[in-house]
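Hi,

Here is the structure I said I'd pass on. Have a look at it first, and then read on for what turned up.

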Amino acid sequence: MNAARRALISGNWKMNNGGASGVQLASDVARAMASFSSIDIVVAPPFTALVPVVAALKGTRVEVAAQNMHPKDKGAFTGEISPSMLLEAGCKWVILGHSERRAMFGDTDATVAEKTKVAMDVGLRPIVCVGETLEERERGDTLNIVKRQLNAFASIIADKPGWAAVAYEPVWAIGTGKNAGPEEAQEVHAMIRARLADISADLAAKTRILYGGSLSPKNADALLRCPDVDGGLIGGAALKAEDFSKVGEIAQSIS
Ligand code: PEP
């Protein structure tokens, strides 16, 4: 981490805790993390829990993200949720291009860029995910793949430096219990920041680059100490308020 940027600790609940259990988890997170004033905290419940979770978090330091959105504002898109619906629900953030959406639901570099543009335009803060598969890493293609994914939206987030965050999430580390080592993560984070610097020094200095992939209380200290790691996007460990808040406590202690 770097004192110039506030740490951002975010939790992606995926398809878990959609109702009363989501409200309970959000309330537990807010209580456990109430004193962590040096860091920013975001939780991303499923769509059905957004409104009650926003209500439960009113007056706390925890903000709410959606896990995806459709780029169009309204119309015949059965089963989809629009940016203005997210704003109306009280979301401040939206996760875009998560590897599960790229792998299973047809998100591409082009659709992620389109959604990022719309999110920036309507005032939602995107957390845009990038990351290589195991096969891509093993053939030595990590930096090329991440750079290609980043290039699709980098100039879009340059419109408002610091508004969006980028999450580096190696696909092989998501939900597997295998995290990238600090050197592996730092190498990719440094490349991302260098690429942002090609666009503008302000963009590079202000953009928070999060690490995601089996981030937990056990490995958070080493990863969050990397100079270009500005926080985390956490899946499994975000489902337990105790684990999520411990990662927050570590971020708070480093910042
Ligand atoms: C994620 O889904 O974004 C994620 C990083 O999951 P996990 O922490 O479980 O690997």
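One thing I went for straight away is a helix pair, H7 and H9, whose crossing is right-handed. Keep in mind that this is a predicted model. H7 covers residues 142-151 and H9 covers residues 182-199; the two pack at an angle of about 40°, and their axes are 10 Å apart. Angles from 35 to 65 degrees fall outside the roughly parallel and roughly perpendicular classes, so H7 and H9 are oblique to each other.

If you want to pull up the contact itself, select Thr142, Leu143, Val146, Lys147, Leu150 and Asn151 on the H7 side. The H9 side brings in Glu187, Val188, Met191, Ile192, Arg195 and Leu196. Sorted by class, the residues where H7 meets H9 come out as seven nonpolar, two polar and three charged.

Next, the cavities. How many cavities of 30 Å³ or more are there? The count is one. The largest cavity has a volume of about 30 Å³.

Its lining is easy to display: Gly97, Ser99, Arg102, Cys129, Val130, Gly131, Glu169 and Val171 line the largest cavity. Two elements, helix H4 (99-104) and strand S5 (125-130), each give at least two residues to that lining. As for chemistry, the lining of the largest cavity has three nonpolar, three polar and two charged residues.

That's what I have on the helix pair and the cavity. Shout if you'd like to go through any of it together.

Cheers

Note on methods: Residues numbered from 1 in each chain as written. Predicted model: local features only at pLDDT ≥ 70, side-chain atom pairs only at ≥ 80, totals over all residues. Heavy atoms only, no water. Axes fitted to C-alpha atoms, helices over the stretch in contact; angles between N-to-C directions. Helix = DSSP H or I, 4+ residues; strand = E, 2+ residues; numbered from the N terminus. Parallel < 35°, antiparallel > 145°, perpendicular 65-115°, else oblique. Left-handed = near helix turned anticlockwise from the far one by under 90°. Contact = heavy atoms within 4.5 Å. Nonpolar A, V, L, I, M, F, W, Y, C, P; charged D, E, K, R; others polar. 1 Å grid on protein atoms, 1.4 Å probe; cavity = no way out; pocket = protein on both sides within 12 Å on 5 of 7 lines; lining within 4 Å. Points joined across faces, edges and corners; volume = space filled by probe spheres on them.
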